[in-house]
Amino acid sequence: MSELKLHDNGDIILETRDLTKRYGGIHALEGANFILRKGEHVAIMGDNGAGKSTFVRQITGVEQHTRGEIIFNGKTVRFENPMDARQAGIETVFQTLALADELDVPDNLFLGRELVKFRLGPFSILDYKAMRERTRQALEKTGVKIPNLRNTIRHMSGGQRQCVAIARTATFHSKLTIMDEPTAALGVQETAQVENIVRTLKDQGEPLILVSHNMRQVFDLVDRIVVFRRGRIVANLNKNETDGQDVVAYITGAKTGEEYQDAA
Amino acid sequence: MAEVSHGIGGLKFDASKRTWPNELNIFAALVLIILVFEALGALLLGQSLLFDSAGRFDSIFNEARLYIIILQVSIVGIIAIGVTQVIILGGIDLSSGSIVGATAMIAMSFAQTELVNGNPNPKAIFGPTLMDLPVIIPIMVGLSCGLFAGLVNGMLIAYTRIPPFIATLGMMVTARGVAKWWSKGQPISFPTQDYAVIGNGLGGWMPVVIFIALAILFQFILKYTVYGKHTYAIGSNEEAARMSGIKVARHKVLVYTIAGSLAAIAALVLSSKNLTAQAGMGIMYELDAIAMAVIGGVSLSGGRGSIIGTVLGALIFGVIISGFTFLRLDAYYQEMVKGGIIVGAVVLDQWRQRPSASRS
């Protein structure tokens, strides 16, 4: 009951009820009930094809869910496209980097929502100065290190690129950040850099959903672990009450959470 | 002494090592090519390509040749301004030459004068009511033709998702068909005085002035407006652009429409300059325009290039053609060398991309 009360208090930033996605006959996601509270960092884990990315795609408006409900910031929402989600305050760092290689850092941060000095439809004049200034603030806030803002993304390391993608969050004061395997393609140092940014977000009380395969990373960074298996949520574990072996058991199907017995 | 600037997060960088603008390389190439022709000229003919070698007192340049170099590239250059945007977008436009043909024919038929030296116009397309019209009418008709053709290109590419190569190839053949069908293959001639100004005004400098004005306008638009930013973004990573909320399909339609309209402007200038329109006008212009852009550093893989680069590419193009004439070489060699230069420019572009790709 206490959970319900929290909901009424508006402590919950994102909730999905019975969220379901089918591609033709394939049940990619089945009845997902998920809750994220303000300031909370939650990891989503699961094997390949367990429904993690499908789940993320429904929340971020990349795809439309077949059934169920998404409640974001107290309101039921249905995002037509990623821009809708972004405008509502959900910022996503995708597995495939959504950056334009030939553009520089401010251009990428403001892609699709450029600041303009003079409004003239598609020929509105860009306000480069303001965009650079806000980029600088955002990067400093998140602790991202980039030598030269005006270099194109092409000239940056994988870690720097990922940091730029993450820095969008800080630029637009988003209400929720979702990261889909942000360090999958990164080296050790670069991974540490990204993880530091995640910690900064935690300190600032920004809620986060982290999709990751990296057990160490998950236990380092988040408060709670939600395990997906075969399109269903099979466990909802508090980090302090579980361990790696336990999580693996859920991921592989050796174990299923009590409240999710019917899902197995 | 390296100049050290402060970056984000306490990092420093050497500001003098900032990426060298590619336009400077192209400018260097232009200078180099001129020097080669100067050297060959001095060696073989004892003459200079660009400088006065007739011993006149009032001039150091050979103005006549400078004029020809820039004039002969300005009309295709106008097309190249549109083609540059299409290539930066990650597309290609093969239809511009044919759009020039069709637009020239249609616009010219609305620009005819009724009486030629007191006799009825022998090439008249319409009756007297549609002759001696104010010049704005053929201009608007011509612009609409190009705009419409570009719009069709853009719609096909954006909404049926067929490759730009195929869509514009179709338009290339269709528009050429329109150009031939319009007057059943007959040339259309004898425009009004006002229409003739478009290509001959300002003492013959009008095409150059139009070219330069459009180049400045679109250089500004590409660099300083949302339109330009989105064009680069889509060419650089279309998926990222879409995920960032850019209306990719709508933007593509806009870019192709602008390219079509620029081809129409080229058609107006060309038909006015020649005082006639023929169905075969503009053949191969699309390839020359693409070549100018590519030589000017516009990357065929999209996302990179600028109008300044294309203008420099156009000048390189003009210098080479004039240089060959100057050296009294056959026109056949011109085409062979032109082909080689285009391939060379693309190879160079690929090569430039490689070191940065291996860096990450």
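Two strands are said to pair if DSSP finds at least two bridges between them. With that term in hand, the tour of this predicted model can begin in chain A and end in chain B.

**Stop 1: strand 3 of chain A**

Select residues 41-46 of chain A, which make up strand 3. Show strand 11 (residues 224-229) of chain A beside it: strands 3 and 11 pair in the parallel sense over 5 bridges. To find a landmark within this pairing, pick Met45(A), whose bridge partner in strand 11 of chain A is Val227(A).

Next, display strand 10 (residues 208-211) of chain A. Strand 10 also runs parallel to strand 3 of chain A, and 4 bridges join the two. Here the residue to pick is Ala43(A), which stands opposite Leu210(A) of strand 10.

Is strand 3 of chain A buried or exposed? Of its 6 residues, 6 are buried, so the strand is largely enclosed by the rest of the structure. Side-chain display shows that both faces are covered. On one side lie His41(A), Ala43(A) and Met45(A), and on the other Val42(A), Ile44(A) and Gly46(A), all of them buried.

**Stop 2: the sheet around strand 3**

Extend the selection to the sheet of chain A that contains strand 3. This is an open sheet of 6 strands in the order 6-9-10-3-11-12, with mixed pairing. At its edges are strand 6 (90-93) and strand 12 (232-238) of chain A, each of which pairs on one side only. Neighbouring strands of the sheet are turned by 20° against each other on average, direction ignored.

Now add residues 244-252 of chain A, which form helix 9. Helix 9 lies across strand 3, strand 11 and strand 12 of chain A, and runs at about 25° to strand 11.

**Stop 3: where chain A meets chain B**

Show both chains. In the interface, 36 residues of chain A are in contact with 28 residues of chain B. On the chain A side, the elements giving two or more residues are helix 3 (82-88), strand 8 (125-126) and helix 5 (128-142). Coloured by class, this side of chain A has 18 nonpolar, 8 polar and 10 charged residues.

**Stop 4: chain B as a whole**

Select chain B alone, which has 13 helices and 6 strands. The C-alpha trace of chain B spans about 80 × 60 × 35 Å along its principal axes. For 360 residues, a compact globule would have a radius of gyration near 21 Å, and the 22 Å of chain B agrees with this. Of the residues of chain B, 48% count as buried. Among contacts in chain B between residues at least 6 apart in sequence, 74% join residues at least 24 apart.

**Stop 5: two crossing helices of chain B**

Select helix 6 (residues 193-200) and helix 10 (residues 248-274) of chain B, whose axes come within 7 Å and cross at roughly 110°. The two helices are therefore roughly perpendicular to each other. From helix 6 of chain B, the contact uses Tyr195(B), Ala196(B), Ile198(B), Gly199(B) and Asn200(B). Helix 10 of chain B supplies Leu268(B), Val269(B), Leu270(B), Ser272(B) and Lys273(B). By class, this contact has 6 nonpolar, 3 polar and 1 charged residues.

**Stop 6: helix 11 of chain B**

Finish at residues 285-295 of chain B, which form helix 11. Here 10 of the 11 residues are buried, so helix 11 is largely enclosed by the rest of the structure. Among the buried residues are Tyr285(B), Glu286(B), Asp288(B) and Met292(B). Helix 11 of chain B is followed by Gly297(B), which has a positive phi near 90°.

Note on methods
Residues numbered from 1 in each chain as written. Chains lettered and ligands numbered in written order. Predicted model: local features only at pLDDT ≥ 70, side-chain atom pairs only at ≥ 80, totals over all residues. Buried ≥ 20, exposed ≤ 12 C-beta atoms within 10 Å, placed from the backbone. Axes fitted to C-alpha atoms, helices over the stretch in contact; angles between N-to-C directions. Contact = placed C-beta atoms within 7 Å. Nonpolar A, V, L, I, M, F, W, Y, C, P; charged D, E, K, R; others polar. Rg over C-alpha atoms; globule rule 2.2 N^0.38 Å. Parallel < 35°, antiparallel > 145°, perpendicular 65-115°, else oblique.
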